[in-house]
Amino acid sequence: VSYHFGGEAEAMDDNIPYFAFSLGLAVILVYMVMAGLFNSLMTPLVIMFTLPMALAGGLLALHWSGETISLVSMIGIIMLTGLMGRNAILLIDYTNTLRGRGQERDQAVTEAGTVRLRPVLMTTFATIAGMLPVALRMGRASELRAPMAIVVIGGLILSTVLTLLVIPALYTVADDVVKKFYRK
């Protein structure tokens with residue numbers, strides 16, 4: 001007696017290496033773009049910390065909705081790679097602007113969080129509102145695309161909440177590390 005997984009399970013086994021390569025390439029390209037944008041190697045690392053938070057949110061949303069990891073949900077994970085950093089970029093860019101104007105780091109981090117809270121929430125809610133009809137399976141072929149929307153919505157919700165708390169703390173720690181490095 002033998003058994004063989006076919007259908008979507010077989011397709012997933014065939015395509016997982018390609019998705020892993022695509023995800024890795026997306027992470028590298030996003031890092032390179034941000035390194036060029038911020039003229040720093042440490043700031044993009046801080047921003048990239050939102051990726052595990054987004055991934056955790058996406059996988060939790062899949063679990064809570066009863067969906068499974070599929071080819072379509074993997075596309076949602078790759079989409080999160082591009083979407084996840086925008087909130088952290090808003091916070092860190094404004095923090096750097098305030099520091100460039102002469103504010104102390106801690107004061108700049110606090111003010112950036114306060115000032116950028118509204119734009120962060122607006123962009124997140126707009127993206128979630130755009131994905132909600134697909135996640136609720138409204139419209140043509142939305143049954144097929146629903147796992148992608150569920151991953152994106154879950155990833156954005158968790159990463160937004162955690163970005164507002166974790167990224168300012170990581171920014172200050174990274175800034176202290178950079179200062180210690182330049183002192184030596």
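Which residues line the largest cavity? To find out in this predicted model, select Leu 91, Ile 92, Thr 95, Val 109, Ala 112, Gly 113, Ile 167, Pro 168 and Tyr 171, which together make up the lining of that cavity.

With those side chains displayed, colour the helices that carry them: helix H5 (86–100), helix H6 (105–135) and helix H7 (142–183) each supply at least two residues of this lining. The enclosed space has a volume of about 50 Å³, and the count of cavities of 30 Å³ or more comes to one. If you then colour the lining by residue class, you will find seven nonpolar and two polar residues, with no charged residue among them.

Keep H5 and H7 in view and move on to the largest pocket, to whose lining helix H2 (42–48), H5 and H7 each supply at least two residues. A convenient way to centre the view is to select Ser 40, Met 42, Thr 43, Ala 174 and Val 178, since of the 16 residues that line this pocket these lie nearest its centre. The volume of the largest pocket is about 310 Å³, and H7 gives the most to its lining, with seven residues. Colouring by class here shows 10 nonpolar, four polar and two charged residues in the lining.

Stay with H7 for the next stop, and add helix H3 (50–65) to the selection, as each of these two helices supplies at least two residues of the lining of the second largest pocket. The residues to pick out are Gly 57, Leu 60, Ala 61, Trp 64 and Ser 65, followed by Ile 150, Ile 153, Gly 154, Ile 157 and Leu 158. This second largest pocket has a volume of about 170 Å³, and its lining comprises seven nonpolar and three polar residues, while charged residues are absent from it.

For the last stop, leave the pockets and turn to the surface, where Phe 21, Leu 25, Ile 28, Leu 29 and Met 32 form a nonpolar patch. Shown as a surface, these five side chains belong to residues that together have about 520 Å² of accessible area. Within this group, select Met 32, which lies in helix H1 (residues 8–38). Is Met 32 buried or exposed? Met 32 has a relative accessible area of 53%, and because exposed means over 50%, Met 32 is classed as exposed.

Notes:
Residues are numbered from 1 along each chain as its sequence is written. This is a predicted model: local features need pLDDT of at least 70, side-chain atom pairs count only at pLDDT 80 or more; totals for chains, interfaces and linings use all residues. Side-chain values use heavy atoms; hydrogens and water are left out. On a 1 Å grid over the protein atoms alone, a cavity is a set of points where a 1.4 Å probe fits but cannot get out, and a pocket is an open set with protein on both sides within 12 Å along at least five of seven lines; lining residues have an atom within 4 Å of a point. Grid points are joined across faces, edges and corners, and a volume is the space filled by probe spheres set on the points. Helices (H or I, at least four residues) and strands (E, at least two) are DSSP runs, numbered from the N terminus. Ala, Val, Leu, Ile, Met, Phe, Trp, Tyr, Cys and Pro count as nonpolar, Asp, Glu, Lys and Arg as charged, and the others, Gly among them, as polar. Patches are made of residues with over 30% relative accessible area and no salt bridge: like charges are joined within 9 Å, nonpolar side chains (Val, Leu, Ile, Met, Phe, Trp, Tyr) within 5 Å. Accessible areas come from the Shrake-Rupley method with a 1.4 Å probe; for residues, only the protein chains shown count as cover. A salt bridge is a side-chain nitrogen of Lys or Arg within 4 Å of a carboxyl oxygen of Asp or Glu. Buried means under 20% relative accessible area, exposed over 50%, partly exposed in between (1.4 Å probe, protein chains only).
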